[in-house]
Amino acid sequence: MTMVMFGSILLVIASSSCYHLTQKTLSSTASPFNLLAITYGLAVVICLTAARILPSETGLIETVRTHGIAITLLSLAVVGIETGFLMTYRTGWSVGVLPIFINAGVTLALIPVGFIFYREHLGAANIFGIILIVAGLFLLGRR
């Protein structure tokens with residue numbers, strides 16, 4: 001594993017842990033969309049600052065021109081993910097269980113996509129893993 005890969009994985013783990021702990025503690029009386037608007041407003045400032053510090057070959061306008069549809073779909077997906085997690089935590093799900101439950105469900109949903117569109121293959125160990133995921137989802141869903 002390269003240092004970049006290892007560092008990237010650590011960044012995701014640390015950021016995701018912070019994400020879930022913060023989502024769990026947000027006020028249940030505040031509008032989820034107000035919370036997200038403020039969060040994303042700050043995220044825009046952070047991203048634009050980072051883009052100036054670590055510039056790329058393409059600027060903001062060129063990026064929108066090249067990836068506009070994908071950016072729009074990603075934006076919708078991000079708002080759906082954020083709202084879904086926030087609302088699910090408000091129903092009392094555990095911070096130690098919900099991320100596992102969601103990630104396992106997403107994995108199951110993406111298996112046919114990988115198989116059909118990306119020609120990914122499943123071996124015997126993968127199929128056994130899928131069976132374990134389904135069993136795990138059943139056990140995690142029992143509250």
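**Pockets, rings and one salt bridge**

Mentor: Start with the second largest pocket: its lining divides into 10 nonpolar residues, 2 polar and no charged. This is a predicted model, in which local features need pLDDT of at least 70 and side-chain atom pairs pLDDT 80 or more, while totals for chains, interfaces and linings use all residues. Numbering runs from 1 along each chain as its sequence is written, and side-chain values use heavy atoms, without hydrogens or water.

Trainee: What makes T63 and S75 polar in that lining?

Mentor: Ala, Val, Leu, Ile, Met, Phe, Trp, Tyr, Cys and Pro count as nonpolar, Asp, Glu, Lys and Arg as charged, and the others as polar. T63 and S75 fall among the others, so they are polar. Y40, A43, V44, C47, L48, L60, V64, I71, L74 and V78 also line this pocket. Two elements, α2 and α3, each give two or more residues to the lining. α3 gives the most, with 7. The volume is about 420 Å³ (the space filled by probe spheres set on the grid points, joined across faces, edges and corners).

Trainee: How do you know that a residue lines the largest pocket?

Mentor: A lining residue has an atom within 4 Å of a pocket point; the pocket is an open set of points on a 1 Å grid where a 1.4 Å probe fits, with protein on both sides within 12 Å along at least five of seven lines. For the largest pocket, 23 residues line it. Y19, Q23, I81, E82 and F85 lie nearest its centre. Its volume is about 660 Å³.

Trainee: Which elements supply the lining of the largest pocket?

Mentor: α1, α2 (32-53), α3 and α4 (98-117) each supply at least two residues. Helices here are DSSP runs (H or I, at least four residues), numbered from the N terminus. The largest share, 8 residues, comes from α1. By class the lining has 13 nonpolar, 9 polar and 1 charged residues.

Trainee: How many aromatic pairs are there?

Mentor: The count is 3 (ring centres of Phe, Tyr or the six-membered ring of Trp within 6.5 Å; planes under 30 degrees apart are stacked, over 60 edge-to-face, the rest tilted).

Trainee: Why is Y19 with F85 called edge-to-face?

Mentor: The centres are 5.6 Å apart and the planes stand at 85°, which is over 60, so the pair is edge-to-face. Y19 lies in α1 (3-25) and F85 in α3, so the pair ties together parts 66 residues apart in sequence. F85 is buried at 11% relative accessible area (buried is under 20%, exposed over 50%, partly exposed in between, with a 1.4 Å probe and protein chains only). Y19, at 21%, is partly exposed.

Trainee: Why is W93 with F101 called tilted?

Mentor: The centres are 5.1 Å apart and the planes are at 50°, neither under 30 nor over 60, so the pair is tilted. W93 is buried at 14%. F101 is partly exposed at 26%.

Trainee: Which residues do ring pairs link into a cluster?

Mentor: Y19, F85 and Y89.

Trainee: What makes E62 and R65 a salt bridge?

Mentor: The rule asks for a Lys or Arg side-chain nitrogen within 4 Å of an Asp or Glu carboxyl oxygen. Here the N to O distance is 3.3 Å, so the pair qualifies. The count by this rule is 1. E62 and R65 sit 3 residues apart in α3 (60-90), about one helical turn.

Trainee: Is R65 buried or exposed?

Mentor: R65 is exposed, because 62% is over 50%. E62, at 34%, is partly exposed.
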